Amino acid sequence: MNHTVIEYQGLTLDIEFSYQPEERQELEYPGCDEEFTIEKIMIGEQNLYELFQNNELIEEIEDIMIKQLKDNY
């Protein structure tokens, strides 16, 4: 599990996530697609993931996180 902190609309979000970078196909290995999954969105001691889960906000947060990950690789 990975962990990062981002600023989103004036809030500091502490995010736990799993990330699998894309792996290219090889002769004896089928490869795999990139996969990104947010596990928790914390503000202080409160996990707000369920509040974001059924909302377009989770997609915005995922986009921010994926961009950060790609910038760091």
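**Close-ups of a helix and its sheet**

**View 1. Helix α2 meets the sheet.** In this predicted model, helix α2, made of residues 56–72, lies across β1, β2 and β3. Its direction makes an angle of about 115 degrees with β1. Count along α2 and you get 17 residues. From first C-alpha to last, α2 reaches 25 Å, close to the 24 Å expected at 1.5 Å a residue.

**View 2. The two sides of α2.** Look for Ile-58, Ile-61, Met-65 and Leu-69: these are the buried residues of α2. They sit on the same side of the helix, because they cover an arc of only 75 degrees around the axis. What covers these buried residues includes β1, β2, β3 and also α1 (49–53). Over on the other side of α2, you'll find Glu-56, Glu-59, Asp-63, Lys-67 and Asp-71, which are exposed.

**View 3. The open sheet.** Four strands make up this open sheet, in the order β1-β2-β3-β4, and their pairing is antiparallel. At the edges stand β1 (2–8) and β4 (46–47), each with a single partner strand, so one side of each has no neighbour in the sheet.

**View 4. Where β2 pairs with β3.** Here β2 (residues 11–20) and β3 (residues 35–43) run antiparallel, joined over seven bridges. To get your bearings, find Ser-18: its bridge partner in β3 is Thr-37.

**View 5. A cluster of rings.** Phe-17, Tyr-19 and Phe-36 come together here as a cluster linked by ring pairs. Searching the whole structure turns up two aromatic pairs.

Methods
Residues are numbered from 1 along each chain as its sequence is written. This is a predicted model: local features need pLDDT of at least 70, side-chain atom pairs count only at pLDDT 80 or more; totals for chains, interfaces and linings use all residues. Side-chain values use heavy atoms; hydrogens and water are left out. Two strands pair if DSSP finds at least two bridges between them. Helices (H or I, at least four residues) and strands (E, at least two) are DSSP runs, numbered from the N terminus. Contact means heavy atoms within 4.5 Å. Axes are lines fitted to C-alpha atoms, for helices over the stretch in contact, and angles run from 0 to 180 degrees between N-to-C directions. Rings of Phe, Tyr and Trp (its six-membered ring) pair if their centres lie within 6.5 Å; planes under 30 degrees apart count as stacked, over 60 as edge-to-face and the rest as tilted. The expected span of a helix is 1.5 Å times one less than its number of residues. Buried means under 20% relative accessible area, exposed over 50%, partly exposed in between (1.4 Å probe, protein chains only). The arc is that of the directions from the helix axis to the C-beta atoms.
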